[in-house]
Protein chains: 2
Amino acid sequence: MVLSGHRWPGLLEMTMIATQVGFAGQSPVFESTRVESFIRAHRFERPTLVLDMQAVADRYAALKAGLGRAAIHYAVKANPAPEIVAQLAALGSGFDAASRAEIELCLAQGAAPSAISYGNTIKRAADIAFAHQAGITLFAADAEEEIDKIAVHAPGAQVYIRVLVTATEADWPLSRKFGCAPGKVQPLLARALAAGLRPVGLSFHVGSQTRAARMWLPVLDEVAGIWHAAHAAGFDLELLNIGGGFPAFYGDEVEQPEIYAAQVMRLVTDLFGAVPRVMAEPGRGMVAEAGAIAAEVMLVSRKCDTDAYRWVYLDIGKFSGLAETMDEAIRYQFLTEREHEPVGPCILAGPSCDSADVLYEKRPVLLPLGLSAGDRVIIRNAGAYTSSYASVGFNGFPPLDVVVI
Amino acid sequence: MVLSGHRWPGLLEMTMIATQVGFAGQSPVFESTRVESFIRAHRFERPTLVLDMQAVADRYAALKAGLGRAAIHYAVKANPAPEIVAQLAALGSGFDAASRAEIELCLAQGAAPSAISYGNTIKRAADIAFAHQAGITLFAADAEEEIDKIAVHAPGAQVYIRVLVTATEADWPLSRKFGCAPGKVQPLLARALAAGLRPVGLSFHVGSQTRAARMWLPVLDEVAGIWHAAHAAGFDLELLNIGGGFPAFYGDEVEQPEIYAAQVMRLVTDLFGAVPRVMAEPGRGMVAEAGAIAAEVMLVSRKCDTDAYRWVYLDIGKFSGLAETMDEAIRYQFLTEREHEPVGPCILAGPSCDSADVLYEKRPVLLPLGLSAGDRVIIRNAGAYTSSYASVGFNGFPPLDVVVI
């Protein structure tokens, strides 16, 4: 075990150097997390995501303390490891499921049907029928056709209407894929009512990785207007689903989870008044920091001897777990074993024979100048949206392995 | 079997209407391929790629006829279905492998080690050693460190140097991920020689989906200059690997494979003279048109009643097989069962709870106005870069199923 007992952390992200509290100059020293220590003490045959169940439990407790009366529905898609689902079910969490398979997973890991909401606005009719049979009573919708499907296949179910909001300040604003325009909310509520469903409320999504609670204000304000208008029109709404957007630390400062969640709930109370039921769907904010990936350098090169930038190729890329590097949206932090070496800018790429498999090029990453093939790399806070995004075997590379500690 | 005997093809791509020879107005009628007929005659539980082995054999014969003396090395990454590899091995094809797993696949399906080149310029040292043990003698490299790894783990092997070309006219120009600048070619050849390797030649990639043979000219011209300079400097190069770039039909006109390949080879002879060994690595051009995907409409909606565009959600998306819709690079054609209906513009999206899972938005797709949930859709010419790109189960959606006929 070459590495055990070694003080390991290297560094390495320009943004982190600029913003992480407590770092000085170019040799920041991290407090290692349990997963990082575990990775240092072990060898891995291939890229492996290590997940810490205690970190998940701690984060659940922090979010629960901050969210207070709001029910937490963990967004399973962020990481569907059965151990995470079982852990959260045991702690009393609810679940936001995107598909029949995710519902089956939650039920198999001990979740009650009443704790599961079927939050995908795009559902196959047969899957709605399956969920109804399984005892799920809460469904999302944002379109006439979806309401009609739910009315036929889950008669009498509760539905909430997802609203398309525009005022996001998130790091990764969502596309217009989900939600209906504000003007369609009341017609959809009416259609649900007419079809024998129970239109109980509204949902929205503030945008992925919304780093500060104050950024929720314009979105909550927009949704509150729609909420109050629906009430005024006679719709007896009782459920506000505030969705996800809870951030993880990727180098830019984020607020502590409990404080963040409490601030969001204060804004909700200020703007919506006494809503009978509030639910929240943290995904990234629940699990990202509970995981790290053990990876390896495959090759370091320069295209031309006079290039300022090196190319660093890892054994994991866009198609084997790091899909969120798309458009350089999520910028992971990297640790190496060359803590004290000077650093230089690198373009980071994956191992596949695919020219699109480049991770960071527009904003290069600072890595030690001595980095070379065979060096081990830790990708920090990579517990969300990694293992399930991995391809079945593009280029013959296997999916990300997962180890739970 | 509701659909059998029905004259099925719908349409549906603006570009196709404009450019496909033989179509008139908005009701083009296609000649169905065997896979399309098969899909019409069957029902599928989930998105399924149907592959036609006869079509693969026919395309191999056409490319072989056009490429003449050049050895074909099928780019396995385009579609690693064992049946395709076995079929091509039986026909005498060689293979371009991107990883240890792809080498193992080729060997298991009957390929001789001498027919396999290890074409990934980013290789794990242990995988080079494995390939060497397995009898592979031909390796790609574009950097000093890679040459050093090959020299240690596959002593005496043949290497070709991949060159980074700039003059591409491809539909999907490659990034700078692969290849070294022209100025590094001779130093790398010299390093390989000094390390006891056999530096046999050069490779390059003209760019994915290079639709006309004449588009190869500037790239071939660029590489020929490098080739002749290396010869003049005393390097006894014998192998020219012209890589891939052979196109598939996605709506915009492409030349017939045999004619296209023959024209490329004519340019090679004109510019390079009597090269002892030429190899080509078609992937997309070999298998894309041999496959079609059976899919289904999940939901059709408008965000707002006055929107001109509908949103159409399929049961397959960016994370379950259609990764090449990234940046709308590859524009698939869609067939529906509503051949005679008028059409209107749609934004097309996948089924996952992921806002990035939108297929075509910048250039909407024309689809029948009556399209609704449950309608079957065929995605044409989808045999390349689909099944292996699919995620292991993002959102609980299973990978693309594959059926071989």
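This report walks through how the two domains of chain A meet, how chain A meets chain B, and where one lysine sits. Keep in mind that the model is predicted.

**Two domains in one chain**

Let's start inside chain A. The domain assignment splits chain A into domain 1, made of residues 14-51 + 289-404, and domain 2, covering 53-288. If you take the C-alpha centres of domain 1 of chain A and domain 2 of chain A, they are 32 Å apart. Where these domains touch, domain 1 of chain A puts in 25 residues and domain 2 of chain A puts in 22 residues.

What joins them up? Two salt bridges are counted between domain 1 of chain A and domain 2 of chain A. A salt bridge also links the side chains of Glu324(A) and Arg284(A), with N to O at 2.7 Å. Twelve residue pairs are in polar contact across the interface of domain 1 of chain A and domain 2 of chain A.

Now look at the face that domain 1 of chain A turns to domain 2 of chain A. Both α1 (14-19) and β1 (48-51) of chain A supply at least two residues to that side, and the largest share, three residues, is from α1(A). Sorted by class, the residues on this side of domain 1 of chain A are twelve nonpolar, nine polar and four charged.

**Chain A meets chain B**

Next comes the contact between the chains. Chain A brings 69 residues to it, and chain B brings 69 residues as well. On the chain A side, the residues that lose the most area to chain B are Arg124(A), Lys177(A) and Lys303(A), which together make up 14% of what that side buries.

There are twelve salt bridges between chain A and chain B. You can also find a salt bridge between Asp305(B) and Lys184(A), whose closest N and O atoms are 3.3 Å apart. For polar contacts, the count between chain A and chain B is 42 residue pairs.

Which elements of chain A give two or more residues to the side that touches chain B? They are α5 (100-108), α7 (144-153), β10 (291-301) and β11 (310-314) of chain A. Here β10(A) has the largest share, with five residues. By class, the side of chain A that touches chain B holds 31 nonpolar, 17 polar and 21 charged residues.

**The two interfaces in a table**

The size of an interface is often given as the accessible area lost when the parts come together. Here are those areas, along with the part given by carbon and sulfur atoms.

| Interface | Buried area | Carbon and sulfur atoms |
|---|---|---|
| Domain 1 of chain A and domain 2 of chain A | about 2100 Å² | 55% |
| Chain A and chain B | about 5600 Å² | 58% |

**A closer look at Lys123(A)**

Finally, zoom in on one residue. Lys123(A) is in the loop between β4 (116-118) and α6 (125-134) of chain A. Is Lys123(A) buried or exposed? Lys123(A) counts as buried, because its relative accessibility is 0%.

What does the side chain of Lys123(A) reach at 2.6 Å? That partner is the backbone oxygen of Ala140(A). The Lys123(A) side chain is also in polar contact with the side chain of Glu146(A), at 3.1 Å. Setting aside neighbours within four places in sequence, the residues in contact with Lys123(A) include Tyr118(A), Ile128(A), Phe139(A), Lys149(A) and Ile150(A). Chain B is represented too, with Met298(B) in contact with Lys123(A).

How values were computed. Residues numbered from 1 in each chain as written. Chains lettered and ligands numbered in written order. Predicted model: local features only at pLDDT ≥ 70, side-chain atom pairs only at ≥ 80, totals over all residues. Heavy atoms only, no water. Domains from an automatic or database assignment. Contact = heavy atoms within 4.5 Å. Buried area = accessible area lost by both parts, 1.4 Å probe. Salt bridge = Lys/Arg side-chain N within 4 Å of Asp/Glu carboxyl O. Polar contact = N/O pair within 3.5 Å; in protein donor to acceptor, adjacent residues only side chain to side chain. Helix = DSSP H or I, 4+ residues; strand = E, 2+ residues; numbered from the N terminus. Nonpolar A, V, L, I, M, F, W, Y, C, P; charged D, E, K, R; others polar. Buried < 20%, exposed > 50% of the residue type's maximum accessible area, 1.4 Å probe, protein only.
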